[in-house]
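Thank you for making the time this morning. I would like to walk through one structure with you, going from the chain as a whole to a few single residues.

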Amino acid sequence: PDSAPIKNILSCVGSKYLKLNGNFLSKEKTCVKIDVNGIAQGYSVDFIAGKLDQLGIKNYMVEVGGEIKTKGANTINKRDWTIGIEQPNDEGFEPYRALLRVNDAAVTTSGSYRKFYDSEGKRITHLINPFTGYSIVSDLISVTVIAKDAITADGFDNALMFLGKDNALKFLQTHRELEAYLIYKKTNGTVGDTATAGFKKFLLPVNN
């Protein structure tokens with residue numbers, strides 16, 4: 001779309017137009033809409049995991065749309081749960097860029113390497129900058145977050161994608177409850193990765 005409808009929509013965007021009064025959420029503009037799709041899968045994972053906890057199940061892995069929560073261990077392999085992080089590839093998907101070994105944790109990933117198209121030399125993705133109304137411009141290709149619950153990890157993985165590598169790492173330094181693995185495009189066009197110190201303890205050699 002051109003700038004006119006985008007500008008019109010932006011006048012209805014922002015949590016500043018929402019007010020929480022006790023158990024009631026109200027909006028200051030009638031055009032404001034709430035879309036919880038960004039955290040719906042994380043919420044669903046936590047909900048299912050909560051039901052399994054109520055049933056007394058001590059070992060499980062719940063996955064909805066790539067968002068994951070684990071508890072205990074993989075009793076078949078007799079070890080903690082192994083989670084793969086996809087290798088981003090413009091032509092398709094190579095199996096894994098990294099492997100994690102986790103228990104009692106949530107793992108979610110946000111990325112721009114699946115839903116996109118190229119237009120006039122720019123990559124247009126499904127991740128939208130709420131300040132401009134257009135696709136985010138970021139050196140990050142994907143972000144994987146580990147947190148105590150999936151709804152938290154699911155919310156922050158998109159936010160970190162928006163921030164870009166350097167600002168995301170600064171943000172993570174002040175949010176120690178999150179661990180993250182960042183795959184990014186270098187200035188020379190090659191792909192690199194980095195992670196928080198806490199995330200590195202979950203990483204395994206890919207050939208394990």
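How much area does the chain expose, and what share of it do carbon and sulfur atoms supply? Before I answer, please keep in mind that what you see is a predicted model. The chain exposes about 12900 Å², and 53% of that area is supplied by carbon and sulfur atoms. Turning to the residues themselves, buried ones make up 35% of the 208 residues in the chain.

As for the overall build, the secondary structure comes to five helices and 13 strands. The chain has a radius of gyration of 19 Å, which is close to the 17 Å that the globule rule gives for 208 residues, so the chain is as compact as a globular protein of that length. If you take the principal axes as your frame, the C-alpha atoms fill a box of roughly 60 × 50 × 30 Å. Looking at contacts between residues at least 6 apart in sequence, 50% of them join residues at least 24 apart.

Let me now move to the aromatic rings. How many aromatic pairs does the structure hold? There are five aromatic pairs. One of them is formed by Phe 131 and Phe 162, a tilted pair with 6.1 Å from centre to centre and 35° between the planes. Phe 131 sits in the loop between E9 and E10, whereas Phe 162 belongs to helix H3, residues 150-163, so this pair ties together parts that are 31 residues apart in sequence. The two partners can also be described by their accessibility: Phe 131 is exposed, with a relative accessible area of 66%, while Phe 162 is partly exposed, at 30%.

A further pair is made by Phe 156 and Phe 171, whose ring centres are 5.8 Å apart and whose planes meet at 40°, so this pair is tilted. Phe 156 lies in helix H3 and Phe 171 in helix H4, residues 165-173, so the pair ties together parts that are 15 residues apart in sequence. Phe 156 counts as partly exposed at 22% relative accessibility, and Phe 171 is partly exposed as well, with a relative accessible area of 24%.

Staying with rings for a moment, Tyr 181, Phe 199 and Phe 202 are linked into a cluster by ring pairs. There is also a charge over a ring to point out, since Lys 165 lies over the face of Tyr 184, at 5.0 Å from the ring centre.

I would like to return to the loop that holds Phe 131, and to look at two other residues there. Ser 135 lies in this loop, between strand E9, residues 122-125, and strand E10, residues 140-147. Is Ser 135 buried or exposed? With a relative accessibility of 15%, Ser 135 counts as buried, because the cut-off for buried is under 20%. The side chain of Ser 135 reaches the backbone oxygen of Thr 125 at 2.8 Å. Setting aside neighbours within four places in sequence, Ser 135 is in contact with Arg 123, Ile 124, Thr 125, Leu 127, Ile 128 and Asn 129.

The last name on that list, Asn 129, also has its place in the loop between E9 and E10. Asn 129 is buried, with a relative accessible area of 13%. Not counting residues up to four places away in sequence, Asn 129 touches Tyr 134, Ser 135, Ile 136 and Phe 162, and Phe 162 is the helix H3 partner in the ring pair with Phe 131.

Two residues deserve a look for their backbone angles. Most residues other than glycine have a negative phi. Lys 78, although not a glycine, has a positive phi of about 55°; it is found in the loop between strand E4, residues 67-71, and strand E5, residues 81-89, and counts as exposed at 74% relative accessibility. Asp 104 is not a glycine either, and has a positive phi of about 50°, in the loop between strand E6, residues 92-102, and strand E7, residues 105-111.

Finally, Glu 28 lies in the loop between strand E2, residues 24-27, and helix H2, residues 37-54. Leaving out neighbours within four places in sequence, Glu 28 is in contact with Lys 16, Tyr 17 and Lys 19. From Glu 28 to Ala 195 there are 167 residues in sequence and 40 Å in space, C-alpha to C-alpha.

Conventions
Residues numbered from 1 in each chain as written. Predicted model: local features only at pLDDT ≥ 70, side-chain atom pairs only at ≥ 80, totals over all residues. Heavy atoms only, no water. Helix = DSSP H or I, 4+ residues; strand = E, 2+ residues; numbered from the N terminus. Buried < 20%, exposed > 50% of the residue type's maximum accessible area, 1.4 Å probe, protein only. Polar contact = N/O pair within 3.5 Å; in protein donor to acceptor, adjacent residues only side chain to side chain. Contact = heavy atoms within 4.5 Å. Phe/Tyr/Trp six-rings, centres within 6.5 Å; stacked < 30°, edge-to-face > 60°. Lys NZ or Arg CZ within 6 Å of the ring centre and 35° of its normal. Rg over C-alpha atoms; globule rule 2.2 N^0.38 Å. Areas by Shrake-Rupley, 256 points an atom, 1.4 Å probe, with all protein chains shown as cover.
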